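Trainee: Could we go through how the chains of this model meet, and how one pair of helices packs?

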Amino acid sequence: MVPTPGARLAELGIELPPPPRPAGTYSPVVVHGDRAWVSGQIVLRGGTPLHPGLVDRDVSVAQAQEAARGAALQALSALAAELGSVDRIRRVLRVAVYVASVPTFGQQHVVGNGATDLLVSVFGEAGRPARVAMGVAALPLNAPVEVEVTVAVA
Amino acid sequence: MVPTPGARLAELGIELPPPPRPAGTYSPVVVHGDRAWVSGQIVLRGGTPLHPGLVDRDVSVAQAQEAARGAALQALSALAAELGSVDRIRRVLRVAVYVASVPTFGQQHVVGNGATDLLVSVFGEAGRPARVAMGVAALPLNAPVEVEVTVAVA
Amino acid sequence: MVPTPGARLAELGIELPPPPRPAGTYSPVVVHGDRAWVSGQIVLRGGTPLHPGLVDRDVSVAQAQEAARGAALQALSALAAELGSVDRIRRVLRVAVYVASVPTFGQQHVVGNGATDLLVSVFGEAGRPARVAMGVAALPLNAPVEVEVTVAVA
């Protein structure tokens, strides 16, 4: 028996964070047909980003991976709030990892593993997405990492 | 009676700009199945970007919001040209807002509202998308903002 | 008779590169329904990017176009490996071109033609996508260009 994603989260001892609240005219999640688009997620603690600044200058790769993992968990929380359960997620289709980077930093793909390692640990191979990782100039509220997730839903 | 998007544009006194012409080997809009992908939009005036440069250095947040709103209107114009009418747009699924940013700027989500406020004012809740906003290093022709829109169509 | 994409590649004398191997927890290609998402492609030669660095400082526009074309070919190779043949690609829906850029560079759309000229030469009008091009701060392994492709499949 393959555990459900919800059961797998419990096995891993992971509690989803509260669902994100939009900071503008957008929806945390849009569901249409058998797809769901999750808005870009950054991790805040009391209104301030976890590990603010540029990666490889203000923020280490390990800290950026922690932020990427937290953003992926927020995306799951947003999906659970919209769909009723993470168990309705059938396939993680695409993950984009935007890393606030100095021009000399070239490990955005390593940062991205913080998000996608989590998704694979929860969904198995159905959590292994097509992925794009890049270094951006800056992110909202000076967050170090933003993660965008698109999934197929039952 | 909910007004159609076309009627709502008229109510708001908004005339769509001319549809954008591609500046390379791409299509302004690709329609496939019940989806339409619009190419990234920047706002030009006589071949030069409206408010060129980096936001928070050369361009104010208010100017960047104006550029984001204009780019969203161009996306609607491109869709109207391809579909025959904005009334065939059923749902705005995803909006990406790319803001040319200095590394210290962290209000890309506020700039993004320039695009998505317009979409919500025209389409109501069907115009409230999943959204991603980020600060990029530079944009084509040194535009301050580029907006990418994906919609579901009837 | 319109040649198939495979026949067209042969006519053009183009041999696809080896399919890319993922450098993290992601899939080169995810197929779901009639869509395929290809992960972001950068071109490596012996583990090092072709033409590393920032475009318009370390890398010329022509070199960046060559990297964009190579990334598009890798995307086709990844699709061929997953689908069995490029002939199952029905439509190139979206291409995103991420160009590592100094803040004064504004020719990302010209770089992008390196990718989409190739796609149009192989698929004709079915290869003319919606496109977004932008300048990013940095890319994995200091690659100059990353290309992301989404297609409809038979």
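What follows takes the chain contacts, then the symmetry, then the helix pair.

Mentor: This is a predicted model, in which local features need pLDDT of at least 70, side-chain atom pairs count only at pLDDT 80 or more, and totals for chains, interfaces and linings use all residues. Residues are numbered from 1 along each chain as its sequence is written, while chains are lettered from A and ligands numbered from 1 in the order in which they are written.

Trainee: Which elements give two or more residues to the side of chain A that touches chain C?

Mentor: Taking residues as in contact when their C-beta atoms, placed from the backbone, lie within 7 Å, 25 residues of chain A meet 23 residues of chain C. With helices (H or I, at least four residues) and strands (E, at least two) read as DSSP runs numbered from the N terminus, the elements of chain A are strand E5 (89-100), helix H3 (108-123) and strand E6 (130-136).

Trainee: What axis relates chain C to chain B?

Mentor: When superposed by least squares on the C-alpha atoms of residues with pLDDT of at least 70 in both, chain C falls on chain B after a rotation of 120 degrees with 0.0 Å of shift along the axis, at RMSD 0.0 Å. That is the relation of a three-fold axis.

Trainee: At what angle do H2 and H3 of chain B pack?

Mentor: Axes are lines fitted to C-alpha atoms, for helices over the stretch in contact, and angles run from 0 to 180 degrees between N-to-C directions. The axes of helix H2 (residues 61-83) of chain B and helix H3 (residues 108-123) of chain B lie 7 Å apart, and their angle is about 35 degrees.

Methods: Two residues are in contact if their C-beta atoms, placed from the backbone, lie within 7 Å.
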